[in-house]
Each structure stands twice: as structure tokens, then as C-alpha cells.
Amino acid sequence: MSMNDPIADLLTRIRNAMGAKHDVVDIPASNLKEKVCEVLKREGYIEEYRRVDDGLQGTLHVTLRYLPNGEPVLKGLRRVSKPGLRVHSGCADLKPVRSGLGITILTTSRGVMTSKQAREEHVGGEVLCEVW
């Protein structure tokens with residue numbers, strides 16, 4: 001099956017797994033998805049991820065993170081830039097998500113990073129998604 005928007009697929013699989021209270025979710029791997037998972041882990045939204053080689057495309061095995069009361073750490077995920085409408089932003093134009101309670105993930109010439117890192121490095125790029 002062909003996939004038009006792999007980032008939307010990643011976010012939807014994580015959103016659905018958290019809604020169903022799963023501990024782990026398996027996602028078809030790609031380098032961009034792996035970098036997004038790396039940012040989510042660094043920011044504390046997921047517990048762990050690892051790439052499992054299956055001889056083909058590979059799979060990302062993502063361990064989700066929950067609060068002690070069983071509530072998911074991730075409250076929401078929103079895809080911003082879509083295949084039909086790419087959204088690019090300069091470092092000065094990046095706005096905080098949910099009054100600073102969330103992050104914006106973007107891909108820049110220096111790799112995938114949060115909006116805070118992009119402002120520090122003075123680079124803009126394509127806004128992939130918002131996470132809170």
C-alpha cells in the first residue's frame with residue numbers, strides 16, 4: 001500500500017495507541033520518522049524507540065509514556081505541513097504551542113529539531129507537527 005503522508009501515519013498510530021492504552025506501537029520505519037521519534041524521546045513524550053531490522057523497510061518499535069495515574073503524557077498531536085500544503089517558517093515566526101506547554105517539530109537544513117532549538121540556531125524550515 002502506498003503512503004502519501006508518512007508523518008501523519010506516524011502521528012496517527014501514536015495517537016491511536018495512546019487512546020487504546022497500549023504500551024508499545026510498531027510503525028513502518030523511515031529515517032524521518034526515526035528523527036521525529038528521537039525528538040519526542042528527548043522532549044519526554046515517549047519512553048523509548050528502537051529500529052528493528054526485518055530485512056525489508058524495518059519497523060520502529062515505540063514505547064509510549066504514561067503518567068503514574070495511567071494518563072498518557074501526550075495530550076495531542078497535530079500535523080501542520082501536509083503534502084498538499086507545505087508550511088515553512090523562519091526562526092522569528094515560530095510561535096509557542098499551547099502557551100509554551102507543547103513543542104513544534106520542524107525539519108531544517110540542520111536536521112529535525114524543535115522550534116526552541118531552531119530559534120537558538122537561527123534557522124527556519126518546514127513545520128512538521130505540533131505536540132502537547
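Me: Helices (H or I, at least four residues) and strands (E, at least two) are DSSP runs, numbered from the N terminus. Which loop holds R98?

Reply: Heads-up: this is a predicted model, so local features need pLDDT of at least 70 and side-chain atom pairs count only at pLDDT 80 or more, while totals for chains, interfaces and linings use all residues. Residues are numbered from 1 along each chain as its sequence is written, and side-chain values use heavy atoms, with hydrogens and water left out. As for R98, look in the loop between β5 (88-89) and β6 (103-108).

Me: What relative accessible area does R98 have?

Reply: R98 has a positive phi of about 50°, though it is not a glycine. On the scale used, buried is under 20% relative accessible area, exposed is over 50% and partly exposed is in between (1.4 Å probe, protein chains only). R98 counts as partly exposed, at 49%.

Me: What is the phi of K21?

Reply: K21 sits in the loop between α1 (6-19) and β1 (24-28). K21 is not a glycine, yet its phi is positive, about 60°.

Me: Leaving aside neighbours within four places in sequence, which residues does L67 contact?

Reply: L67 lies in the loop between β3 (59-64) and β4 (77-79), and it is partly exposed at 36% relative accessible area. L40 is 27 residues apart from L67 along the chain, and their C-alpha atoms are separated by 16 Å. Counting contact as heavy atoms within 4.5 Å, the partners of L67 beyond those neighbours are V73 and K75.

Me: In the open sheet of 3 strands, what is the average twist from one strand to the next?

Reply: Two strands pair if DSSP finds at least two bridges between them. The order is β1-β3-β2, with antiparallel pairing. β1 and β2 (46-52) are at the edges with a single partner strand each, so one side of each has no neighbour in the sheet. From one strand to the next, the twist averages 20°.

Me: Which residue in β3 stands opposite R50?

Reply: β2 and β3 run antiparallel and are joined by 6 bridges. Opposite R50, in β3, stands H61.

Me: What angle does α2 make with β2?

Reply: Axes are lines fitted to C-alpha atoms, for helices over the stretch in contact, and angles run from 0 to 180 degrees between N-to-C directions. α1 packs on the sheet, touching β1 and β3, and its direction makes about 160° with that of β1. Helix α2 (residues 31-42) also packs on the sheet, touching β1, β2 and β3. Its angle with the direction of β2 is about 155°.
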